[in-house]
Amino acid sequence: MTTYSAPLRDMRFLYHELYDGAELTGLPGYEEATPDLVDAVLEEAAKFCENELLPLNRIGDEEGCTYENGVVRTPPGFKAAYEAYTEAGWPALSVDPEYGGQGMPKTLDFLIEEMVCATNLAFGTYPGLTVGAFNAIKAHGSDDLKQTYLPNMVAGKWSGTMCLTEPQCGTDLGMVRTRAVPQDDGSFKITGTKIFITAGEHDMTENIIHLVLAKLPDAPPGIKGISLFLVPKFMVKEDGSLGARNGVMCGSIEEKMGIHGSSTCVMNFDDATGWLVGVPHKGMRAMFTMMNAARMGVACQGIGLGEATYQMAATYAKERLQGRSVAGPKHPDKPADPLIVHPDIRRMLLTMRAYTEGNRALALWITRALDYVSKHPDPAVRADHEDLAALLTPIAKAFFTDCGFEVANLGVQIHGGMGFIRETGVEQYVRDARIAQIYEGANGVQALDLVGRKLPMNMGRPLRFFFHPVSEYIEAKSSDPALMEFIMPLAKSFGRLQQATGWIAQEGMKDPEQAAAAASDYLRLFGLVALAYVWTRMAEVALANMDGGEREFYAAKVATARFFMKRLLPQSSALFAALMSGADTLMDFEEAAF
Ligand SMILES: Cc1cc2nc3c(=O)[nH]c(=O)nc-3n(C[C@H](O)[C@H](O)[C@H](O)COP(=O)(O)OP(=O)(O)OC[C@H]3O[C@@H](n4cnc5c(N)ncnc54)[C@H](O)[C@@H]3O)c2cc1C
């Protein structure tokens with residue numbers, strides 16, 4: 001049976017203890033986000049997700065969305081849950097009060113998003129895409145567009161989409177064919193077909209605001225000739241009320257492996273009226289605002305599904321009686337011992353836990369940086385944090401979602417045959433987790449972004465905001481005997497990461513294929529080292545608090561940190577060896593032999 005209880009203790013540990021929550025409260029605009037309020041909001045969100053969204057998860061998977069004559073219906077219960085979600089003000093939580101939001105930190109919002117992903121990933125895609133569209137319009141739209149569209153999007157009355165993909169182009173958006181023709185009144189007529197559009201059509205909101213990549217008649221070829229347009233499903237009149245239907249229709253929805261409750265639509269734009277967002281031909285820049293936030297949203301999906309599957313697997317492993325402990329019966333009064341006595345089951349459970357809790361901790365480092373970017377008064381501090389977030393976002397997107405899938409898969413394994421049977425519900429998590437590795441830029445493309453854009457960016461400036469704190473931390477703690485078992489492996493793997501970074505910079509300059517061939521292994525190596533850093537810091541905080549009550553919680557943290565260092569971090573040497581072996585084994589293979 002699917003069970004989930006939001007990991008509130010861990011969330012509070014990260015928010016208040018690992019990172020100092022009071023620092024966020026000190027930023028202008030976040031004064032109201034006091035520790036008590038943060039905890040109360042987390043508790044309310046947990047109740048909503050556990051009681052409203054979780055019961056719909058299975059229904060969404062089984063019933064899916066339906067399509068008839070351009071109309072898409074979401075699974076039973078989704079519309080009512082969405083109404084409750086917006087009435088409670090969840091979409092507006094971290095939005096600027098200027099547009100009707102509550103102005104809470106993004107870090108808090110991220111934790112709530114994790115609960116949504118854990119309890120009903122498909123449902124979460126509807127508000128998730130709206131946040132992305134909101135960000136792009138807010139950053140690049142005209143005042144008129146902002147006033148007309150943003151308040152209703154914040155209120156959840158209108159939703160948003162992101163229309164990039166076309167049949168001939170997914171990763172390579174330079175091949176976009178959708179056209180935008182300027183009109184005398186300053187608007188544009190948009191014509192073309194977009195595919196795989198999440199929440200492109202549905203029955204939850206009055207209006208849907210599409211952000212569409214298209215080419216102007218005078219567009220330069222390729223990626224430098226793309227512009228971004230806002231195209232509403234219903235036109236908006238001067239007084240803000242809804243007018244005629246615009247020329248955009250859903251042609252069909254996809255049957256797919258997972259997230260059945262999320263509508264994935266073919267969208268046909270036929271002389272649809274739209275407005276330019278940002279500058280002509282600079283649409284990719286505007287879209288990146290949306291994509292970076294969306295990438296953290298997808299990264300969050302990996303953590304949420306990881307947590308949900310871990311909880312199910314841990315419960316099952318304690319209940320299911322099978323075999324005897326190899327060290328002799330642990331429960332002689334029972335016909336067999338529970339699965340949890342077996343070392344291999346423990347290996348899987350601890351792997352699930354170490355990735356999920358580690359990734360959550362790393363994610364909060366990034367969301368805090370984003371909070372500094374949005375609120376810190378000093379532009380230099382904002383720029384530093386922006387660089388850190390830019391560096392770590394592709395790592396979070398790819399590493400967290402790879403872990404999410406790996407963890408969900410281990411969850412099935414722990415359930416044995418019952419995991420493969422639909423009744424337990426755990427197989428849904430594997431199917432749902434798979435898409436996160438593909439959309440918002442497939443994980444291989446995130447790796448290319450890391451080595452091709454983020455490493456060389458501003459002469460390696462973003463790297464400093466990771467390398468400096470980690471090396472300073474290692475130096476500061478290297479003589480602390482209590483931390484030695486964590487610091488030593490951290491230092492060793494960090495050394496490998498530095499060496500690999502230097503190698504990629506040098507070899508990649510001479511031959512870009514070397515950098516591209518190393519990219520995925522490098523990203524995973526980076527993710528593991530970043531986790532080693534946050535796990536060491538978590539162990540440090542836990543050790544310091546071990547004798548002050550809640551011993552069980554802190555002891556489990558230290559033990560999980562120890563497991564990570566000894567059992568998962570050693571992958572870093574294999575990754576290092578693989579990536580340093582160069583591109584030859586990949587590129588010398590004859591194409592005809594594939
Ligand atoms: C359920 C679902 C929801 C989606 N939602 C949206 C949405 O809301 N809006 C939207 O616009 N799109 C959406 N997409 C599309 C999604 O973003 C794309 O599928 C994704 O970006 C990959 O593009 P593609 O499918 O065309 O694969 P391709 O670009 O054909 O790539 C195939 C494989 O090749 C790899 N690859 C491609 N180019 C390179 C390269 N240069 N170097 C190395 N490897 C490369 C990729 O990593 C991938 O593994 C969605 C897709 C799905 C399935």
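1. A quick definition before we start: a residue is near a molecule if its C-beta atom, placed from the backbone, lies within 6 Å of it. Keep in mind too that this is a predicted model. Now look around the ligand. The shell there has 19 residues, and the ones that come nearest are Leu164, Gly170, Thr171, Thr198 and Ala442. Three elements give two or more residues each to this shell: strand S3 (158-163), strand S5 (188-198) and helix H12 (443-454). As for chemistry, the shell splits into 11 nonpolar residues, 7 polar ones and 1 charged one.

2. Let's stay with S3 for a moment. Is this strand enclosed or open? A residue counts as buried if 20 or more other C-beta atoms lie within 10 Å of its own. By that count 6 of the 6 residues of S3 are buried, so the strand is largely enclosed by the rest of the structure. Side chains in a regular strand alternate between the two faces of the sheet. You can follow this along S3: Trp158, Gly160 and Met162 point one way, while Ser159, Thr161 and Cys163 point the other way, and all are buried.

3. Which strand does S3 pair with? Its partner is strand S6 (residues 207-214), in the parallel sense, over 6 bridges. If you want one pair to find on screen, try methionine 162, whose bridge partner in S6 is leucine 211.

4. Now zoom out to the domains. The assignment for the protein chain gives domain 1 (8-140), domain 2 (158-282) and domain 3 (463-585). Between domain 1 and domain 2, the C-alpha centres lie 25 Å apart. The two do meet: 26 residues of domain 1 are in contact with 25 residues of domain 2. On the domain 1 side, helix H3 (35-63), strand S2 (71-73), helix H4 (78-87) and helix H5 (106-140) each supply at least two residues. H5 gives the most to that side, with 13 residues. The residues on this side of domain 1 divide into 15 nonpolar, 8 polar and 3 charged.

5. Helix H8 (residues 343-375) is worth a look as well. Its 33 residues reach 47 Å from the first C-alpha to the last, close to the 48 Å expected at 1.5 Å a residue. Of those 33 residues, 24 are buried, so H8 is largely enclosed by the rest of the structure.

6. For a hairpin, go to strand S8 (residues 234-236) and strand S9 (residues 242-245), which run antiparallel and are joined by 2 bridges. Valine 236 stands opposite leucine 242 in S9. The hairpin has 5 residues between its strands, and glycine 240 in the turn has a positive phi of about 90°.

7. Two other backbone angles caught my eye. Most residues other than glycine have a negative phi. Yet phenylalanine 196 has a positive phi, near 60°. This residue sits in strand S5 and, with 19 C-beta neighbours inside 10 Å, counts as partly exposed. Isoleucine 259 also has a positive phi, near 35°. You'll find isoleucine 259 in the loop between strand S10 (248-253) and strand S11 (264-277). Is it buried or partly exposed? Isoleucine 259 has 28 C-beta neighbours inside 10 Å, so it counts as buried.

8. Last stop: phenylalanine 563, in helix H16 (residues 551-568). Because it has 19 C-beta neighbours inside 10 Å, phenylalanine 563 counts as partly exposed. Leaving out residues up to four places away in sequence, phenylalanine 563 touches Leu350 and Ala354.

Definitions and conventions: Residues numbered from 1 in each chain as written. Predicted model: local features only at pLDDT ≥ 70, side-chain atom pairs only at ≥ 80, totals over all residues. Helix = DSSP H or I, 4+ residues; strand = E, 2+ residues; numbered from the N terminus. Nonpolar A, V, L, I, M, F, W, Y, C, P; charged D, E, K, R; others polar. Buried ≥ 20, exposed ≤ 12 C-beta atoms within 10 Å, placed from the backbone. Pairing = 2+ DSSP bridges. Domains from an automatic or database assignment. Contact = placed C-beta atoms within 7 Å. Expected span 1.5 Å × (residues − 1).
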